[in-house]
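Student: I would like to learn how to read a protein model step by step, beginning with the overall fold and ending with single residues. Could we look at one together?

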Amino acid sequence: MPPLWLMALAVGVSVANPFYSQSLLPTIEGAFQLSPGTVLQGPMVTQLGMALGFLFVLPLGDIREKRGLLTLLAIGMALACGVVLLAPSFGLLLCSWFALGMFALIPSLMPPYLTALTPKSMHGQMLGIILGGQFSGLLLSRSVSGVVAELWDWRIIYAFSAIVMLAIAILFKTCLPVVAPTSQVSYWKLQRSQINLWCRYPLLRRSCLSQALLFGSFMAIWSGIAIHLASPPWRFGPAVIGSFGFVGLASITASPIIGRLVDRLGPNRIVLTGVLCTAGGFLLMGLEQQALPALVMGLMAVDLGVQGSFVANQARIYSIDPSARSRMSSQLFLSCYLGAAICSTLIALFWIQWGWAGTCMFAITLMGLAIIVERPTWQPRRIG
């Protein structure tokens, strides 16, 4: 099996690409002279592209050799970053972000790939390490892109990313072992089987719905906070806004511990705990919206809760049917990014009316729904 730290690094670099834009939104808004709120269409189309990739491309992991598919995805992301770098208009920029989202499947395909190489007793620990890399890239992408934009230009980060993704493609092709497909069915039969999986397994449905609510609220908050911090009384620039990504270091450090807790206590308890932790973070940011320490602590709680639930929900679905792990991963990530796209759309449409306080209340409402979805896990004896 390849070193987990190296795979976590590759996942972290890959997952960062669709999210570089979030701390750059105020800068991009000024560069293209957009009306207020229009720039929030960027996260929306990126997440929509990711959702369609999860639906139509990721299931191929069950019927195609995964190493080759991972390599092609890395090349596709490199090309998409090159188009972002050269986009002369906001419309073409949106199209290139959409394409970048479509290829951003490496973090979703890597866990089922490595699960096939890892003993079942270590699945939680492995997922914790890989998802630690994923959330490192997701959270620190804002910091890196903000600093680069402050020092040079907001497009430079995409030039750097294009080069790195080509290097990752070479790494995958030369260092990863071949893992045979787990199914021999046709592509369209594979797609139809996803409906059967959804109808057959209530645990899959619950995992998808709860994580969609968690991740949707997570992405809505991270899209809105850049606009919030660029407004009075702070008026922060992209470097300072991006530095808020460092609050995720706590959850990144805790990810291997979370993975071991999933193996020890069962995933149900960790998912419910993650929902409650996330709700507490939103509540703190909503009540103390003008206090920077409260914003930092609230973001830390949100990051920790969402990452913990993500580790546990993946452990839940991968235990259901080993031959359908890519399809189940497809449904989980599709649900997450559809939730993110819907929430980002609502924030883009209603930001002027809602503002930061309304966004926090919206996120708290979503956490209430997630608690209802997790109703079967309220009983302590129901584990796994």
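The dialogue below goes from the whole chain to single residues.

Student: Before we begin, what kind of model is this, and how many helices and strands does it hold?

Tutor: It is a predicted model, so every value we discuss is computed from predicted coordinates. The secondary structure of the protein comes to 15 helices and zero strands.

Student: What radius of gyration would a compact globule of 384 residues have, and what does the protein have?

Tutor: The radius of gyration is taken over C-alpha atoms and set against a rule for globules. For 384 residues the rule gives a value near 21 Å, and the protein has 19 Å, which agrees with a compact globule. Along the principal axes, the C-alpha trace spans about 55 × 45 × 35 Å. Among contacts between residues at least 6 apart in sequence, 85% join residues at least 24 apart.

Student: How much of the protein is buried, and what makes up the accessible surface?

Tutor: A residue is called buried when its relative accessible area is under 20%, and exposed when that area is over 50%. Of the 384 residues, 60% count as buried. The accessible surface comes to about 14,600 Å², and 71% of that surface belongs to carbon and sulfur atoms.

Student: Which residues of the largest nonpolar core touch the most other members?

Tutor: A nonpolar core is read as a set of buried residues joined through their side chains. Here the largest one has 123 residues, and those touching the most other members are I28, L93, W97, Y158, F215, M285 and Y337. Helix α15, residues 325–373, gives the most to this core, with 18 residues.

Student: Taking L93 and W97 from that list, what does each of them touch?

Tutor: With residues up to four places away in sequence left out, L93 touches I28, F32, V84, A87 and W154. L93 is found in helix α5, residues 90–103, and its relative accessible area of 0% means that it is buried. Under the same exclusion of sequence neighbours, W97 touches S21, I28, G42, V45, T46, V84, F90 and Y158. From the other side, T46 in helix α3, residues 41–56, touches P18, W97 and G101 when such neighbours are not counted. T46 counts as buried, at 1% relative accessibility.

Student: Is helix α1 buried or exposed, and how does its span compare with the expected one?

Tutor: The span of a helix is judged against an expected rise for each residue. Helix α1, residues 4–16, has 13 residues and reaches 18 Å from its first C-alpha to its last, close to the 18 Å expected at 1.5 Å a residue. Of those 13 residues 10 are buried, so the helix is largely enclosed by the rest of the structure. Among the buried residues are L4, M7, V11 and V15.

Student: How many disulfides are there, and why does C208 not form a bond?

Tutor: A disulfide is a covalent bond between the sulfur atoms of two cysteines. The cut-off used for the sulfur pair is 2.5 Å, and by this rule the count comes to zero disulfides. The closest cysteine sulfur to that of C208 is in C336, and at 7.5 Å it is too far for a bond. C208 is buried, with a relative accessible area of 0%, whereas C175 counts as partly exposed at 45% relative accessibility.

Student: What surrounds H228, and is this residue buried or exposed?

Tutor: H228 is found in helix α10, residues 202–230, and is buried, with a relative accessible area of 8%. Leaving aside neighbours within four places in sequence, H228 is in contact with W234, Q289, Q290, L295, W351 and W356.

Student: What is the phi of R235, and where does this residue lie?

Tutor: Most residues other than glycine have a negative phi. R235 is not a glycine, yet has a positive phi of about 55 degrees. R235 lies in the loop between α10 and α11 and is exposed, with a relative accessible area of 60%.

Student: Where is I170, and how far is it from R269 in space?

Tutor: I170 has its place in helix α8, residues 156–175, and is exposed, with a relative accessible area of 55%. I170 and R269 are 99 residues apart in sequence and 40 Å apart in space, C-alpha to C-alpha.

Terms used. Residues numbered from 1 in each chain as written. Predicted model: local features only at pLDDT ≥ 70, side-chain atom pairs only at ≥ 80, totals over all residues. Heavy atoms only, no water. Core = buried A, V, L, I, M, F, W, Y, C linked by side-chain atoms within 4.5 Å. Buried < 20%, exposed > 50% of the residue type's maximum accessible area, 1.4 Å probe, protein only. Helix = DSSP H or I, 4+ residues; strand = E, 2+ residues; numbered from the N terminus. Contact = heavy atoms within 4.5 Å. Rg over C-alpha atoms; globule rule 2.2 N^0.38 Å. Areas by Shrake-Rupley, 256 points an atom, 1.4 Å probe, with all protein chains shown as cover.
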